[in-house]
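Subject: Structure handover

Hello,

Here is the structure we talked about handing over. Please open it alongside this email.

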Amino acid sequence: MPEKVQKPESWLEGFSFSKEAIGFQQSYLYAPCPDWLNINKTTTWDMAVVPRSWESNFATFFFLAKINNEIVSYQVKINGEPIVEFSATSLPEWLMRGEKETTLEFTAIEVQEKSNLGYLRLSVPNAFIQKGERQVIEIVPSASKDALWISACPNNLAHFISRNEEEFWYELSLQTSPDSIQSLQIEVPAAWVGKQASYRLNSQKDNLTLQKKENGAISNFYLYGSPTELAKQKLELDIQGQKRKAIFNLLENQDNTQLIGNLLVKQKSRLDRTGLWKSRVEGIYRPEMQSVWKDLMDTNLKNGSVQIATLAADSLEKKAISADWQPESMIRQWLRKPPQFSYFYVQQSYRHGLQFSQFLKKAGFKYLISPFPQNQIFKWASPDGSLLNVWAVPTAYESPFWLGKDANVADFPLFYLGSYAQVWRAHNPNFQKILPVLSSQHLKLTEIKDSESHVLPFPNIEEKPAEEILENYLKANPSIRSVGGERADPNLKAQDFNPAETVEKRQIQTLLLEAEKWWALGTCQNSFEGYPEAEFEKLWEQYETNPKALKRADLAIFLQNAFRHTASQIKTQNSVGIPLVVFNSLLWERNDVASVSLEFSPTESVKGFQIFDQEGKEVPYQVSDVDKHRNGNLKRAELHFFVQKVPSLGYKTYYLRPAETLEEADLKKPKIRQYDVEAGFYKIQLSNGGIQQIIDQEFNTKLLNTEHFLANELWIGNKNQIGVQFRKNAFSWKMLEDGKLRTVLETSQSTENGDLQQFMIIHKKQKRIDFRTLIKNPKWTSADQTFRLSFPLGEGAYSNYHGVAWGVLEVGKDELPNSAVSSLKIADQFIGAKNGDLGLVVGSDLPLWEFNYQDRGILQAVLFSFSQMGNYEFRYSLSSFGASHEKGYQQIAQGGSPLQVIFNPLKGSNLPEKHSFLSMENSTAVLSSLKKAKNERAMILRFFENEGKETENLIKLGWDLGKADRTNLLEQERKPLEIQNNSLRVLLGRFSVETLRLE
């Protein structure tokens, strides 16, 4: 059982360590500050690193804890060694002893109805400490009950201790009577128990010792005089050792703010009809913070202005951003409901993409207001060179961050303004008589007097629109600095980010964008007759408000209808064979494998077939999942055929002719354990649970270093700790097919952590490997675990890249200066690494990645975490490249955008067998969207430059063009472009995003 700790009445005085120690200097260690954690399962903290020069005999760790009354026993381990056991009880103070003089001590700060809030102090002898490393502390419960809540947060500890040391309040109660002796009761904080209280009223004075009372200390004085004689007389109170006096005007109603010594206090006094007079004086801010607000009065602001912007709580812009921001969906939102402000307001400190400043600038915004690391106004440069004015603020709304820490200060922002002014000047050398402030409420300053009753001066306070405040500041400070880069999301955690849900949402958006594109292309030559504009409005609104209600299967059918609509306009040669129209959604001529499901009735007498292009040249193919009717005729099959030179953003027609034989894949090696697969551009060594090595045969180079991880290996753990590597079990490979175009392998197993299945498709005519990973019914053992995939890089130093919205970011180079540094990165398209002239790239259904696993060259894809249950599927591709990474990126884009095939469409007469609707001379241009303009018979084309090369881009269009304009993102501010033979020449700047209106 816990030992009862014998301590003085005030828990604060029982501290055996100093405030400096709470700052975690000397021999005190701490963990990063998580949220409160309910310890009903084993919980682990990675504590601070113990220096190798550590000389103390013990290391001490602090935790805040809420301990419920229900008794549950726990075992504490450090670095895997059990050191002490304890029970969560209702005792406010206790001490447990463990192995080799280990001690665990609890002291309650607040005794609550159902639990005690306090701190745990764990002292561990050096025998259990691993010097030079992080210490891993585990708390293991004996039963799964809600009994203990812990936070390893040093700031909270310091706050509680500071709050109790500096708590300052007097509460007086005087019940008047006609007698000449009045009884006055005084209450003060509990920390003052045992101290001497003294008062002075004219010639009257007395001393008494403060006695303990629940949640405070109390004493009673006697004042001599009738109520009439005492009214408005000044009563001075002082507590021994506190060095703070309070002065009260007896029996008077008053509200004022004044200085008592170096403490700013508020006083409120009321006399009711029964003759009961109550008065309360309380300290608003800590004594050492006096210089903060006093400094505000001494600056040049005394003759300047504090300009306060109060923002609308329901403004559209603050809802339009998330950690996984997608610009096209935001543009659709604004087209439905145009922005009402010239500023873009982001309430939380979400990730801001590399192109975010250009995105806002070209959407018509002048300013961004958002949480950033420092309070300042600066210009944010996009990679294309455009600049956006940014007002960086410390929190979503600044004022609640400061106001409300202490009681009754919501109408008193002086300390907040002073603190803000100090920080602002530190980061803004051009600070000149304007202090811009963002607030969620109307701030007011009451009159403040010093101890001699002199009114203290303070600056003029003005409420203005945010746009006007920013304009005033920029006029006064024309030479503000500019910075560029991606703004990381400081709150991003692997446990909170749901990659599987993000993948689902991105796939839905991709289907919407593809449907917009192909419905627009299929109807543009008929003045957009048949374009489902109302349906798109409804779908985009639903995507914004309730994306989970949208079904991928329904959108896939919607997209297929767009392809069929276009294919039905093609003048096919049905006498040559059954037409197969292959659609390419990318902006380059494409060689790839196209796949389609074929079905035949028993009477069609199809035993096999051949594929030909429109010139009559035979095309290689491969089939899988073959099924036949009882009469031997072909019933169904998955057809994979190799197509060449499918036009940019266009289509090409092929023809299927019946034949007597069917070319089926080679299945001579159905089972593989250790086997070298040589297919196409790669030679692959397989191993249980993953890939041992990939050799790029074009460069004769090994791509991997699998000393610690296999490639495409599934494992459970966190960044610094491996929990389960599934290769420990039998995880062998099976060959499903091996033909002219591809080799398909599969491996699966059922484990205690879930059912796992992986497919690998090695292409033989293009440099790409496609993967599918399926995880069903995942099971977990710890709250900080995540399912992960590994791609360990070969020898050497690599630079890491990842595709972001409208660009490519180099990790460690292209982030915003002073932005939060996080090893977690969100990849919008792909992740890549380059070492000299050799690179590796992986994409696209893997949005969350973590870098630098214990300084090993490894790319970690985070699939999902402890809190996310269900069945998951991820599709992604791998490619390698030489000096130019363009081809590698294109292969990944092709893997994420399969060719679409329409089998046997209706015959039309308007379109040729092969056609490009749009092509661009600049190979570094990437299509963002192509759609019908809202409520107009015009097309909107948006694209961006992805390689940092300024070029004059020739855009060729496959329909009759009458007029062309360059616009902003919201299809406004039109600037005419010259048209020649349905072509446009557009200057495309480095990394610039361009929007054209075509009709």
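Below are the findings on cavities, salt bridges and one surface patch.

Please keep in mind throughout that this is a predicted model.

Cavities

The structure has five cavities of 30 Å³ or more. Two are described here.

The largest cavity holds about 150 Å³ of space. Its lining counts 13 residues. Nearest the centre are Arg-332, Glu-516, Glu-537, Lys-931 and Lys-932. Three elements each give two or more residues to this lining: α5 (327-336), α11 (533-545) and β63 (925-932). Of the elements, α11 gives the most, with four residues. What is the make-up of this lining by class? Eight residues are charged, five are nonpolar and no residue is polar.

The second largest cavity has a volume of about 110 Å³. It is lined by 11 residues. Ala-488, Asp-489, Leu-824, Lys-825 and Ile-826 are the closest to its centre. Strand β54 (residues 824-826) provides the largest share of this lining, three residues. By class, the lining of the second largest cavity has five nonpolar, four charged and two polar residues.

Salt bridges

How many salt bridges does a search of the whole structure find? The search gives 37. Three of them are worth a look on screen.

Start with Lys-825, one of the residues closest to the centre of the second largest cavity. The side chain of Lys-825 meets that of Glu-815 in a salt bridge, at 2.8 Å from N to O. Lys-825 sits in strand β54, while Glu-815 sits in the loop between β53 (807-810) and β54. The two are 10 residues apart. Both Lys-825 and Glu-815 are buried.

Next, go to Lys-767 and Asp-696. Their side chains form a salt bridge, also listed at 2.8 Å, N to O. This pair links distant parts of the chain, 71 residues apart. Lys-767 is in the loop between β49 (754-763) and β50 (769-776). Asp-696 is in strand β43 (residues 690-696). Lys-767 and Asp-696 are buried.

Last, look at Arg-997 and Asp-965. Their closest N and O atoms are 3.9 Å apart, and the pair forms a salt bridge. The cut-off for a salt bridge is within 4 Å. Arg-997 lies in strand β70 (residues 993-998) and Asp-965 in strand β66 (residues 964-967), so this salt bridge ties together parts 32 residues apart in sequence. Are Arg-997 and Asp-965 buried or exposed? Both are buried. The pair also belongs to a network. Salt bridges with shared partners join Glu-936, Asp-965, Arg-974, Arg-997 and Glu-999 into one network.

Surface patch

On the surface, Ile-181, Tyr-222 and Tyr-224 form a nonpolar patch. Together these residues have about 340 Å² of accessible area. Ile-181 lies in strand β14 (residues 181-188). Why is Ile-181 classed as partly exposed? Its relative accessible area is 44%, and partly exposed covers values between the buried limit, under 20%, and the exposed limit, over 50%.

If you have time for one view, begin at strand β54. The strand gives three residues to the lining of the second largest cavity, and its Lys-825 forms the salt bridge with Glu-815.

Best wishes

Definitions and conventions. Residues numbered from 1 in each chain as written. Predicted model: local features only at pLDDT ≥ 70, side-chain atom pairs only at ≥ 80, totals over all residues. Heavy atoms only, no water. Patch = residues over 30% accessible without salt bridge, like charges linked within 9 Å, V, L, I, M, F, W, Y side chains within 5 Å. Areas by Shrake-Rupley, 256 points an atom, 1.4 Å probe, with all protein chains shown as cover. Buried < 20%, exposed > 50% of the residue type's maximum accessible area, 1.4 Å probe, protein only. 1 Å grid on protein atoms, 1.4 Å probe; cavity = no way out; pocket = protein on both sides within 12 Å on 5 of 7 lines; lining within 4 Å. Points joined across faces, edges and corners; volume = space filled by probe spheres on them. Nonpolar A, V, L, I, M, F, W, Y, C, P; charged D, E, K, R; others polar.
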